[in-house]
Amino acid sequence: MEKQAMLAGKVVVVTGAGGGIGRDIALAMAAEGARVVVNDIGAALSGEGRDAGPAQRVATEIRERGGLAQDNSDSVASAEGAAGIIAAAIEAFGRVDCVVNNAGILRDRIFHKMSEEEWDAVLKVHLYGAYHMSRAAAPHFKEQGSGSLVHMTSTSGLIGNLGQANYAAAKLAVVALSKSIALDMQRFAVRSNCIAPFAWSRMIGSIPSQTEAERQRVDKIKQMTPAKIAPLAVFLASDAAGAVNGQVFCVRNNEIFLMSQPRPLRSVQRDQGWTPQTIAEHAMPALQGSFVGLERSADVFSWDPV
């Protein structure tokens, strides 16, 4: 007996699907039977410009492989754009079952030189975009009593990175947004989870590679293709993930990490209460052994492909 596709009958919206990780997720969703709305405004990495071509090409690729797809070039950065994307799914396929919030841009700058415009532009796409898309889909999910949200976060937010205060803040905020959605909408059987991908794409294509060590690091990252991320996204969109909610996963080549949730590491208590002086003399010496260091994500996770 032929095995049924995991997403047969489902409609999935993938933002930022004109290339890279989004494209591979869209293709994988379609391969598992989903009808896919391929959304991408076709902007440059920094967010400038518009081009409907990338979304159209991926939608055409899906159709050429025997799947069903609708392209869309509305922007996730506004409520109106997000509503248009969800409306396109309803118009084309009659429902929506999963939204993958993958759209993103970069405006990297060391913090003390970062402009307000660079800050706003990144938060508008990553954080506001995830909110607008999730909010636009929520009434449909509630009405049908099912739905899945898959948000792309980053170790830049989970752990930290140089020159990415805007991107890191947005990506960690997406985790908080996902957890809140998971709590608010679990009564309607709506799930919300995050993926932090390790994959070579234009989003990390600007990594410096001037020294031999940096070149070796980049070569290793290039082995982590966007296609490695797609299977987890497909699973999270499927009914097989019905018990998975409010979680954060990392995918690195052939590894899947479940990330820890913030929890107290160690506590100190003093019957007399605390003064600044007693904190310095007693509390900090007791707590410092549990401090989390300021390692960059490249140091926290070995880049050796597994």
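A residue is called partly exposed when its relative accessible area lies between the buried range, under 20%, and the exposed range, over 50%. This vocabulary helps in reading the structure above, which is a predicted model.

The chain is built from 10 helices and 8 strands, and buried residues account for 46% of its 306 residues. Of the contacts in the chain with a separation of 6 or more, 70% involve residues that are 24 or more positions apart. The exposed area comes to about 15,300 Å², of which carbon and sulfur atoms supply 53%.

One place to look inside the chain is N72, which belongs to strand β3, spanning residues 69-72. N72 has a relative accessible area of 9%, and therefore counts as buried. Its contacts, once neighbours within four places in sequence are left aside, are V37, V38, N39, D40, A55, G84, I85 and A88.

The charged side chains offer a second route through the model, with a count of 8 salt bridges. In one of these, E118 pairs with R109, their closest N and O atoms being 2.5 Å apart; R109 is partly exposed because its relative accessible area is 38%, whereas E118, at 10%, is buried. R65 and E61 are joined by another salt bridge, with an N to O distance of 2.8 Å, and R65 counts as exposed at 60% relative accessibility.

A further salt bridge links R252 and E255 at 2.1 Å, N to O, where R252 is buried with a relative accessible area of 7% and E255 is partly exposed at 21%. Elsewhere, shared partners connect salt bridges into one network made up of R23, D24, E61 and R65.

Definitions and conventions
Residues numbered from 1 in each chain as written. Predicted model: local features only at pLDDT ≥ 70, side-chain atom pairs only at ≥ 80, totals over all residues. Heavy atoms only, no water. Helix = DSSP H or I, 4+ residues; strand = E, 2+ residues; numbered from the N terminus. Buried < 20%, exposed > 50% of the residue type's maximum accessible area, 1.4 Å probe, protein only. Contact = heavy atoms within 4.5 Å. Areas by Shrake-Rupley, 256 points an atom, 1.4 Å probe, with all protein chains shown as cover. Salt bridge = Lys/Arg side-chain N within 4 Å of Asp/Glu carboxyl O.
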